[in-house]
Amino acid sequence: MTSNNLELTQLNTEKSLYLASTLFPHEEWMPHGERIFVAKSRLYRSHKEQAKLYREIADVRILTGRGSVAYFLPERFDGEEIARNEEPHSMHADTVIDGVIVEIKTVSGNRATLGKSFRRGYKQGRSLLRKHLITAEHSVFLRVFTPFSADSVRAKIAGELKNSTDKGCCICYFEAAEELYFWTYDELRAIIGK
């Protein structure tokens, strides 16, 4: 790694730790591979929850392999479990990556599934910020297994952002093509002229 990359990684680590610790000040962060940290409370969950965590870690390695730093957040607020029967926007995002709240979604269905996955991830990031009364960016990371074109996905996500004003980006990894895209919400909203 070059000196600039090391400095950027250190900055991303500091920003991510700061935000994760602001959101969950009593949490302990455990290293889990290179540039990945997991809330200690998430490590001692059911087998089902552990399987979900390991899938999400595999998804995030796409980004950490390129120098990003990820902190996996707890799945509770202030010692209380999140009720599974609550609306999706009542739940919260999975991670802080490079100082930004990021919800991770895997998409393997049609365009409607893509839109629903993005909407849910967007609401989960926004919900976490509102719950903690923090103004910050929130993003959605989509790992897309369906062979959609980048233009098709970009247009669909742009439509989902109509009438929104939040800052952040859609990070999209196309599994079949092994291509990674970053589209800011502002860039996406510009497509639909809103």
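**Reading β9, α3 and the salt bridges**

Mentor: Cysteine 172 stands opposite tyrosine 181 in β10. Keep in mind that this is a predicted model.

Trainee: What makes β9 and β10 a pair?

Mentor: Two strands pair if there are at least two bridges between them. β9 and β10 (residues 179-184) have six bridges, running in the antiparallel sense, so they meet the cut-off and count as paired.

Trainee: And what do β9 and β10 form, and how many residues sit between them?

Mentor: A hairpin, with four residues between the strands. Glutamate 178 belongs to that turn and has a positive phi of about 55°.

Trainee: Why is glutamate 178 called exposed?

Mentor: Exposed means over 50% relative accessible area. Glutamate 178 comes out at 58%, so it counts as exposed. As for that phi near 55°, it is a positive value in a residue other than glycine, and most residues other than glycine have a negative phi.

Trainee: Which other strand does β9 pair with, and how do you know?

Mentor: That's β8 (residues 138-144), which runs parallel to β9 with five bridges joining them. The cut-off is at least two, so this is a pair as well. One of the matched positions puts valine 144 opposite phenylalanine 174 in β9. Add helix α4 (residues 150-160), and β8, α4 and β9 make a β-α-β unit that is right-handed.

Trainee: How do you know that β9 is mostly covered?

Mentor: Six of its six residues are buried. Both faces are covered: Cys169, Ile171 and Tyr173 lie on one side, with Cys170, Cys172 and Phe174 on the other.

Trainee: Over to α3. What makes its length close to what is expected?

Mentor: It has 21 residues, and its first and last C-alphas are 30 Å apart. At 1.5 Å a residue the expected reach is 30 Å too, so the two values agree closely.

Trainee: What caps the N-terminal end of α3?

Mentor: Asparagine 110 does the job: one of its side-chain oxygens is 3.1 Å from the backbone nitrogen of alanine 112. The limit for a polar contact is 3.5 Å, so that distance falls inside it. Just after the helix, leucine 133 takes a positive phi of about 55°.

Trainee: Why is serine 117 called buried?

Mentor: The cut-off is under 20% relative accessible area, and serine 117 has 14%, so the label fits. Serine 117 is found in α3, whose buried residues also include Leu114, Phe118 and Tyr122. Beyond its neighbours within four places in sequence, serine 117 is in contact with Lys105, Thr106 and Val107.

Trainee: What does lysine 105 form a salt bridge with, and what makes it one?

Mentor: Its partner is glutamate 103, with the closest N and O atoms 3.2 Å apart. A salt bridge needs that distance to be within 4 Å, so this pair qualifies. Both partners are buried because their relative accessible areas, 13% for lysine 105 and 3% for glutamate 103, are under 20%.

Trainee: How many salt bridges does the structure hold?

Mentor: There are 14. Side chains of opposite charge can pair when their charged atoms come close. One of the pairs is glutamate 75 with lysine 52, at 3.0 Å between the closest N and O atoms. This pair links distant parts of the chain, 23 residues apart: glutamate 75 is in the loop between β3 and β4, and lysine 52 is in helix α2.

Trainee: Why are glutamate 75 and lysine 52 labelled as they are for accessibility?

Mentor: Glutamate 75 has 10%, under the 20% cut-off, so it is buried. Lysine 52 has 24%, between 20% and 50%, and therefore counts as partly exposed. Both also belong to a salt-bridge network with Arg42 and Glu56.

Trainee: What makes lysine 156 and glutamate 160 a salt bridge?

Mentor: Their N-to-O distance is 3.5 Å, and the limit is 4 Å, so they count. Both lie in helix α4, four residues apart, about one turn of the helix.

Trainee: Last one: why does aspartate 98 count as buried?

Mentor: Its relative accessibility is 18%, under 20%, so buried is the right word. Aspartate 98 is in the loop between β6 and β7 and has a positive phi of about 50°, although it is not a glycine.

Definitions and conventions. Residues numbered from 1 in each chain as written. Predicted model: local features only at pLDDT ≥ 70, side-chain atom pairs only at ≥ 80, totals over all residues. Heavy atoms only, no water. Buried < 20%, exposed > 50% of the residue type's maximum accessible area, 1.4 Å probe, protein only. Contact = heavy atoms within 4.5 Å. Right-handed = clockwise from strand over helix to strand, strands pointing away. Polar contact = N/O pair within 3.5 Å; in protein donor to acceptor, adjacent residues only side chain to side chain. Salt bridge = Lys/Arg side-chain N within 4 Å of Asp/Glu carboxyl O.
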